[in-house]
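Colleague: I'd like to learn how to read a few features off a model like this one. Could you walk me through it?

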Amino acid sequence: MSSVCLDDTRNRAAIAALAFAAFLLQPTPARAQEPMPDSIEAAVAAEDEPIPPEDQKLMHWSDFDGEHATFHFGYNAMYDGVAYNQDPGSIAQWGDLKNPDSKVRDFRLLFSGKFPKFKHLVEWKAGYMRNASTNQWLWRETGVVVAVPKDWGYLFIGRTKLGVSMIKQMSGASIMGLERAEIEDMIIPIQNDGIRWMGYLPKRHLVWNLGYFNETVLNNPLYPFMDQQYAARVIWLPLLSEKDGKVLHLAMNLKYGNPKDGKTQLKARPEAITAPFFLDTGVFPAAHEKVIGPEVWYRDNSLLFGGAYYLVKTEASEGNHQFQGGDAWASWLMTGEVRQYNTRGGLFDFVYPKSSFFKGGRGAFEATIHATYTNADSGTVQGGKFWRVTPTLAWYPSFEFRFTFGYGYGVLDRFGTRGGTQFFQVRLQAML
């Protein structure tokens, strides 16, 4: 994609944004729509851990509700198994991948609490996680949540998500399939130190996430190693009806970053934790990184469709580079459950089965298909082009457990070699 094309895209996006802002300033007609879940606590929790109905909990020992303070303990554990079937091109690229292979995908301890006597919400949370890629322990979502007066949302101060991308903002334990798109892992860091404002204007059907992050304050760089980042996600909800079970979510994602030491590296695994980085640009000069990405989601009760596409531009005196990619999802909760949409965070929640297997029910079943595409080639930077299609089937005996089975077929085109790989995957998940 040429720079002219990207600049034209930005100009059109700017014109559309101005027109959208003008629309928002017009008087809003009354609409016969039902209120949707919008609590601050639920929005914060949906990014990391579930808040189930009381009658669905198998264990109650992890919560303390005092008059002046509350305390919650939770955990999330995932274990992945992967088998590969490679064609000659894939073997030429990677040799014979270890087959089969398995690994702890995620293990984290979660703590949170709030102060019921305070006039405005003040909540703290902490997450301590074993990084599956580096086998190191590190702090994840950790900080203080403070409500903004007059019910304009809340501020999260500390280590938190960027706020960009529906799927990145949802918990990795709650997304429909197995993994996020490669382009999102490349450009949207999951850990960021700074401040994020999440708000909602019900009469305008407008949700926003705005954030500023600075890794130089604590001198604790986090991949992809940005000194500063500015992020925005603005969502318009033209259709929002709990009565009809329908949601239409239209969003624009924006990010501006200053890579550490004037260089960056974009890399991603092919949606399998035991695989090498199929996509990898290597380190190259980049003084600034700009990202723009439209996002569309539609929910009709148990059916959910959506996705996003991102245009990325890095700038440096040595030369600019452009990358792109995105994904599309389709999900069906076959047992009739509905993923709640949280208007405070602009995201879909965990799956809570209608009937627990441990109480004589069947749990919940979800069928999903996920398609991804990433182009990480630009001039002298050759990170590769990769696409993958992945159907999955998940069983939730209760909200605490999930078993996911998936088959994926992906093709990597890099350095003049085209290789196809089949992925046979299973995930065991437990959380509290």
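Modeller: Sure. Start with Ile369, which is found in strand 21. Bear in mind that this is a predicted model.

Colleague: Is Ile369 buried, exposed or partly exposed, and why?

Modeller: Buried means under 20% relative accessible area and exposed means over 50%, with partly exposed in between. Ile369 has 42% relative accessibility, so this residue counts as partly exposed.

Colleague: Which residues make the nonpolar surface patch with Ile369?

Modeller: Alongside Ile369 there are Tyr309, Tyr373, Trp387, Val389 and Tyr409, and the patch comes to about 480 Å². As for its elements, strand 21 (364-378) and strand 22 (381-398) each supply at least two of the patch residues.

Colleague: Let's try a histidine. Why does His321 count as buried?

Modeller: Use that 20% cut-off again. His321 sits at 11% relative accessibility, so it counts as buried. You'll find His321 in strand 18 (residues 321-333). Sequence and space are worth comparing here too: Ala286 is 35 residues from His321 in sequence, with 8.7 Å between their C-alpha atoms.

Colleague: Now pockets. What volume does the largest pocket have?

Modeller: About 1,000 Å³ for the largest pocket. It is lined by 42 residues, and those closest to its centre are Arg105, Asn131, Ser133, Asp185 and Ile190. Elements giving two or more residues to that lining include strand 2 (70-86), strand 3 (101-114) and strand 4 (122-131).

Colleague: How many residues of each class are in the lining of the largest pocket?

Modeller: The lining has 18 nonpolar, 15 charged and nine polar residues.

Conventions:
Residues numbered from 1 in each chain as written. Predicted model: local features only at pLDDT ≥ 70, side-chain atom pairs only at ≥ 80, totals over all residues. Heavy atoms only, no water. Patch = residues over 30% accessible without salt bridge, like charges linked within 9 Å, V, L, I, M, F, W, Y side chains within 5 Å. Areas by Shrake-Rupley, 256 points an atom, 1.4 Å probe, with all protein chains shown as cover. Salt bridge = Lys/Arg side-chain N within 4 Å of Asp/Glu carboxyl O. Helix = DSSP H or I, 4+ residues; strand = E, 2+ residues; numbered from the N terminus. Buried < 20%, exposed > 50% of the residue type's maximum accessible area, 1.4 Å probe, protein only. 1 Å grid on protein atoms, 1.4 Å probe; cavity = no way out; pocket = protein on both sides within 12 Å on 5 of 7 lines; lining within 4 Å. Points joined across faces, edges and corners; volume = space filled by probe spheres on them. Nonpolar A, V, L, I, M, F, W, Y, C, P; charged D, E, K, R; others polar.
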